[in-house]
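Subject: Handing over the structure with its ligand

Hi,

Here is the structure I promised to pass on to you. Please open it alongside this note, and I will walk you through what turned up.

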Amino acid sequence: MNAYDPRPLMSSSTPRTFDVEALWPLCLDIVRQRRSAGAPPPPVLLPLEGWNDEAVELLALLDPLLDRPPQGAPWVIGQLGQSLDGCIATRGGDSNYVNGAQVLLHLHRLRALCDAVIVGAGTVAIDNPQLTTRRVAGEHPVRVVLDPALRLPPSLRVFTDRQAPTLLACDAAREAEAARRVGADQVLGVPGLVNAEGTMDLHALLAALERRGLHVLFVEGGGITVSRFIAQGCMNRLHLSVAPVLIGGGRPGLLLPPRTAMRDCPRPASRVFRMGADVLWDLDLRGPG
Ligand SMILES: NC(=O)c1ccc[n+]([C@@H]2O[C@H](COP(=O)([O-])OP(=O)(O)OC[C@H]3O[C@@H](n4cnc5c(N)ncnc54)[C@H](OP(=O)(O)O)[C@@H]3O)[C@@H](O)[C@H]2O)c1
């Protein structure tokens with residue numbers, strides 16, 4: 001449970017039974033303290049008495065994220081919303097919407113609690129997303145786009161709407177080219193980021209984001225991007241939301257290096273949360289942090 005004293009925010013007018021509406025500002029305040037604090041806040045536990053069941057469940061789900069120290073190694077949480085048959089979109093790329101409203105709301109909460117949201121070029125090309133927190137109160141995260149081949153058109157919303165900072169992550173060797181496309185302030189050129197096969201060194205990316213003060217990172221998709229973070233040991237937790245829908249021959253979610261024997265297959269520690277008709281698996285992958 002995180003170390004945080006909510007009492008200044010719980011005035012005498014605060015209701016005796018606290019719900020998610022009452023919890024959310026406290027979560028945002030914890031994040032604000034983490035971002036601004038030189039030292040951790042005092043070790044006072046959030047009192048569980050008085051919260052309703054929904055708020056207690058949400059706090060349990062978010063606690064690993066809220067419990068991040070102000071400094072330290074980058075900490076990475078990923079998400080994928082998938083069908084029962086393991087697809088995150090149809091073959092043509094339609095993913096609106098695999099999951100129900102509760103998972104969508106959860107995505108926006110994760111954006112608000114993280115310093116940056118990371119997406120692959122495939123998702124940006126197909127969805128033209130905004131990656132903002134428009135469904136919840138809270139600051140928009142910095143938007144980080146992984147586009148090693150610089151194939152994305154500069155007219156996409158993340159590069160033009162200026163709702164939140166955007167960083168197009170590419171190899172330093174192509175930084176000038178990227179700057180000509182989307183503007184120098186929207187480029188993060190990292191030396192040695194992309195190898196000859198076009199694969200990114202995600203440890204180098206995390207280090208570069210950390211130098212920008214971005215410590216708690218949310219990898220929102222798609223499947224290729226999340227899978228590469230896991231394969232390189234760069235993801236601490238994964239929220240995998242399974243919806244009772246069958247897509248059939250769609251875009252795959254996790255695609256990890258194959259194993260021969262069942263005994264060698266990882267079985268991460270897990271917790272399960274109901275999200276309306278969907279089931280969210282919270283997987284502890286024990287990544288870099
Ligand atoms: N259901 C969900 O939760 C969810 C979430 C997000 C997106 N989506 C859907 O998923 C689909 C897109 O997912 P996707 O898996 O096809 O693509 P993606 O993960 O969004 O993007 C993959 C591309 O990003 C670049 N990239 C990402 N990580 C990289 C790395 N480590 N090294 C080098 N390049 C990297 C590469 O670009 P290049 O191809 O240029 O090399 C790669 O092919 C869309 O249909 C979208 O709507 C669903």
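Contact here means heavy atoms within 4.5 Å. With that in mind, leucine 113 is a good place to begin: leaving out residues up to four places away in sequence, leucine 113 touches Trp24, Cys27, Leu28, Val31, Arg34, Arg35, Leu62, Leu65, Leu66 and Val216. Please keep in mind that this is a predicted model.

Leucine 113 sits in helix α3. Is leucine 113 buried or exposed? Leucine 113 counts as buried because its relative accessibility is 0%, and the cut-off for buried is under 20%. Phenylalanine 218 is 105 residues away along the chain, yet the C-alpha atoms of leucine 113 and phenylalanine 218 are separated by 8.9 Å.

Arginine 111 belongs to helix α3 too, which spans residues 101-113. Despite being an arginine, residue 111 counts as buried, at 6% relative accessibility. Beyond four places in sequence, arginine 111 touches Leu131, Thr132, Thr133, Arg134, Glu139, Pro141, Phe218 and Glu220.

Two of those partners turn up again around glutamine 79, a residue of strand β1. Glutamine 79 touches Phe218 and Glu220, and its other partners outside four places in sequence are Leu107, Val219, Gly221, Val226, Leu238 and His239. The side chain of glutamine 79 also reaches the backbone oxygen of glutamate 220, at 2.9 Å. With a relative accessible area of 9%, glutamine 79 is buried.

Now to the ligand, which I expect you will want to look at.

How many residues surround the ligand? There are 28 of them, and the closest are Gly81, Thr123, Asp127, Arg151 and Thr225. By type, the shell around the ligand divides into 10 nonpolar, 13 polar and five charged residues.

Here are three polar contacts to ligand oxygen atoms that you can check in your viewer:

- Threonine 123: an N or O atom in its side chain is 2.5 Å from an oxygen atom of the ligand.
- Isoleucine 224: a backbone N or O atom lies 2.8 Å from an oxygen atom of the ligand.
- Alanine 121: a polar backbone atom is 3.0 Å from an oxygen atom of the ligand.

On its own, the ligand has 920 Å² of accessible area, and the protein covers 89% of that. Two or more residues of the shell come from each of β1 (75-82), β2 (87-89), α4 (121-127), β7 (216-221) and α8 (223-231). Of these, α4 gives the largest share, with five residues.

Helix α4 is also the place of isoleucine 126. Isoleucine 126 is partly exposed, because its relative accessible area is 39%, and partly exposed lies between 20% and 50%. Setting aside residues up to four places away in sequence, isoleucine 126 touches Gly93 and Arg251. Its C-alpha atom is separated by 9.5 Å from that of serine 95, which is 31 residues apart from it along the chain.

Just after α8 comes another spot to look at. Glutamine 232 is found in the loop between α8 and β8 (237-242), and at 26% relative accessibility it counts as partly exposed. Apart from neighbours within four places in sequence, glutamine 232 is in contact with Thr199, Met200, Asp201, Leu202 and His203. For aspartate 201, the C-alpha to C-alpha distance to glutamine 232 is 8.2 Å, with their positions 31 residues apart in sequence.

You may also wonder about the cysteines. How many disulfides are there? The count comes to zero. Cysteine 87 counts as buried at 5% relative accessibility, and cysteine 234 likewise counts as buried at 0%.

Finally, the chain as a whole. The chain has eight helices and 11 strands. Of its 289 residues, 48% are buried. Among contacts between residues at least 6 apart in sequence, 73% join residues at least 24 apart. The chain exposes about 13900 Å², and carbon and sulfur atoms supply 53% of that area.

That is what I have for now. Happy to talk it over whenever suits you.

Best wishes

Methods. Residues numbered from 1 in each chain as written. Predicted model: local features only at pLDDT ≥ 70, side-chain atom pairs only at ≥ 80, totals over all residues. Heavy atoms only, no water. Disulfide = S-S within 2.5 Å. Buried < 20%, exposed > 50% of the residue type's maximum accessible area, 1.4 Å probe, protein only. Near = heavy atom within 4 Å. Polar contact = N/O pair within 3.5 Å; in protein donor to acceptor, adjacent residues only side chain to side chain. Areas by Shrake-Rupley, 256 points an atom, 1.4 Å probe, with all protein chains shown as cover. Helix = DSSP H or I, 4+ residues; strand = E, 2+ residues; numbered from the N terminus. Nonpolar A, V, L, I, M, F, W, Y, C, P; charged D, E, K, R; others polar.
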